[in-house]
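Reader: I am new to this structure and should be grateful for a close look at a single part of it. Please take the sheet and what packs around it.

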Amino acid sequence: MGKTNQNSRTKRTPIQVEDDRTGLEVETLARAVQDNLYYLLARDEYTATARNWFTALAYSIRDRLVHRWIKTQQTYYKLDVKRVYYLSAEFLVGRSLACNLINLGLYEKMKQALAQLDLDLDDLLEMEEDAGLGNAGLGRLAACFMDSMATMAIPAYGYGIRYEYGIFDQLIKDGYQVERPDQWLRYGNPWEIPRPEYTLVVKYGGKTEQYTDDQGRSRVRWLETQNILGQAFDTPVIGYGCDTANTLRLWSARATQDFDLDYFNEGDYLRSVSGKITSENISKVLYPNDNSVQGKELRLEQQYFFVSCSIQDIVRRYLVNHSTFDKFPDKVAIQLNDTHPSIAIPELMRILMDVYGVPWDQAWDLTVRCTGYTNHTLLPEALERWPVSLFERLLPRHLEIIYEINKRFLEDVARRYPGNVGRLQRTSLIEEHPVKQVRMAHLAVVGSHSVNGVAALHTDLLRYNLLNDVNEMWPERFNNKTNGVTPRRWLLVSNPRLAQLITEKIGPGWVTDLEQLKQLEPLAEDPAFRARVREIKHQNKMDLAEYIQYQNSIPIDVNSLFDVQVKRLHEYKRQHLNVLHIISLYNRIKKNPNLNTVPRTFIFGAKAAPGYTMAKLIIKLINSVADVINNDPDIGGRIRVVYLANYRVSLAERIFPAADLSEQISTAGKEASGTGNMKFALNGALTIGTLDGANIEIREKVGEENFFLCGLTAQEVAALRTSGYNPYEYYRENPELREVLDMILSGHFSPEQPDLFKPIMDNLLYGGDPYMLLADFASYVACQEQVSEAFLNPEEWTRKAILNIARSGYFSSDRTIKEYAEEIWMVKPVKIVLEANGQKTRTYGGHPKETAMAKK
């Protein structure tokens, strides 16, 4: 009997056990988390903190990302595919764990695996810091695009800066914004992989000289420069339901010499590390305050730093498979996300000519053919103009190249339009008065084969107003690519209740084909479906109310209308118009305490740029109004005003699912697109808004009857301004408006400092009201009355909400990326085929255990 058993054990078939780093089953995932806790963090279950468990979990997921990432990069090199390089000063990623779990299809399995370890996934998700790599819509769009490019298998790389402190953490103290460093890296970043082998030299200052090379060609050297190093940090970006993992490469500034021992030995300890401090300032903070000369200089240094690193890296990657630049535009598509990276054009020219000896005409042809420019704003301050004196000091070689580009361009303009001096002045890359400056947006337009706006109205204003002269020369360069948002983050992750209901009704295909949401339209007429949507909204509002109670100690009526305005604080976005309406409601109730009004909770969230004094004063106004209204017993909770501090991606994920009304009330013609408006509609909020940015297309898609329209159009704004806009007339002729402004002016909301808000009032009444709040006030208030009336009918309100959801499919970033890929970049999807996960073979019998990786 014993002999038989022994023979049987010896011949037993080996048992295949999933590799702990790549396996996808529950038991394997649980084991992987434990192994990472033990071996990477040197903790066990007795000493581990919640953050230790989070980090171990993140590393376990990163292992699975890396498995796909390496295969993706190998495939790109092997097939020598054309790749997209997306240059952006911001990537507002937010938290990554939940999205990575969902995109890998591991969310539920990991939940089960952690339960085996007596851990709760929801608790660990809250341990993650928001990545401090962006400020607002520009950076969030870049993050959505990275998600879409990976999901759609587009070969792509994102390039930006690894900001050590991000934008800033916002505190509200005594109603004022207070900035604190955003220490998002204080616990490390488990998703990134340092790449010290990809450290590049970035040059500043110095001088240039011409010389003749050994082939008799005239060349230029850039000499006596101050050098800084840029080190790469890579983060894999996984697509949903596929094995594509693209790269987000961020650059961190380092000194060429961290420590000067001579100065140290002389006792000059500060000077011994001054080079390190000065160099690393470049990647410390997103958008340093540029109200000072030093701030302006640091911003330009920052932009050139990441652009130079990125262009050097792009060229290096191309030369792996190529010995000449003949196929450069066939393999490289560079997209400039707004004006910040536009220095890429002279930088690519410099590298092609000065480093590789490419003649000017060929270098210019290559540069234009591979570069595309996305404009995100019509505001003059965001189009960027840098003083020529600053360029001369920091980037003398680039200024020479810009001058030559401008010379050749203006010669072309003069040939086409002889004698038209005004056109030459308007189109020149150099602004002569009042200060001689480089127009960076003009540089981006002249140096790109494609120039796109981000909403239909914005593109029209770009073509026919801001850049009309260039559009007349090269109309084929201009095109529109309306922005979009990723449904993975903004519905599947942030609103799981609604996502589950949608999947239950129409299947899961909507996650990668958002137009499938149209199948929900007939369900808008189904009372049972409306009831479920209404219950989900109620649950989401309860979650947000609990957060508000915890953060702000303000009790919220979850049956009130959640009226939400969350976005960057800027005068053109008109948060203060919202405040004027709130005060008007307050006055109505004070005059008639028995007034039957719809209860409202007004929710604000916004950061103001540290140097933007007016915006910061508007934050104080919102909070001062909130203090008075929230503590007035006559109001009885019918109005609540809440300012949620430190608005960020993870907070937005709480807010969008709970909103009833989306405030999109920018001055018509000022907002390029907006993406918050899309996220609100996708989550079933109705919009009150002007015909500005993507509001126009949202209204067209969801139906005019499901959108609350207010305010002047862009054409009416322009006409009123031309005819002589006098805001004081609106103040004089509208008693309700006059009462509101007089209350603010009298110090009703700031009794200890009655003239506190006088700068805001002076700007509105005597400063020309540049964003036309007073002109739009009556229309806005009347429209808000329509909102209240509609909210009194919950069945009809829910029907409108469902139609907003069902008709939001167009606003997927997948659609936007498809348009970029097919019409600008000319790139095709590349399917990544992942080979079988590695297996550990354990044979039990008369032989010792043996472990070996299975053949790939």
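Reader: Which residue in β22 is the bridge partner of Glu663?

Author: The bridge partner of Glu663 is Ile688, which belongs to β22. The model is predicted, so that local features need pLDDT of at least 70 and side-chain atom pairs count only at pLDDT 80 or more, while totals for chains, interfaces and linings use all residues. Residues are numbered from 1 along each chain as its sequence is written, and side-chain values use heavy atoms, with hydrogens and water left out.

The pair of Glu663 and Ile688 is best placed by way of its two strands. Strand β21 covers residues 661–664 and strand β22 covers residues 686–689; the two run parallel and are joined by 4 bridges. Strands (E, at least two residues) and helices (H or I, at least four) are DSSP runs numbered from the N terminus, and two strands pair if DSSP finds at least two bridges between them.

The wider sheet is open and is formed by 6 strands, in the order β20-β19-β18-β21-β22-β23, with parallel pairing. Its edge strands, each paired on one side only, are β20 (639–643) and β23 (707–709). On average, neighbouring strands of the sheet are turned by 20° against each other, direction ignored. In general, strands of a sheet pair through backbone hydrogen bonds, either parallel or antiparallel.

Two helices may be described next. Helix α29 (residues 695–702) lies across β21, β22 and β23, and runs at about 135° to β23. Helix α35 (residues 794–806) packs on the sheet and touches β18 (561–566), β21, β22 and β23; the direction of α35 makes about 85° with that of β22. Contact here means heavy atoms within 4.5 Å; axes are lines fitted to C-alpha atoms, for helices over the stretch in contact, and angles run from 0 to 180 degrees between N-to-C directions.

At the edge strand β20 (639–643), a residue of another helix comes into view. Ile582 is found in helix α25 (residues 575–591). Leaving aside neighbours within four places in sequence, Ile582 is in contact with Ile639 and Val641, and also with Phe602, Phe604, Val625 and Ile629. The C-alpha atoms of Ile582 and Val641 are separated by 8.5 Å, although the two residues are 59 residues apart along the chain. Ile582 counts as buried because its relative accessible area is 1% (buried is under 20%, exposed over 50%, partly exposed in between, with a 1.4 Å probe and protein chains only).
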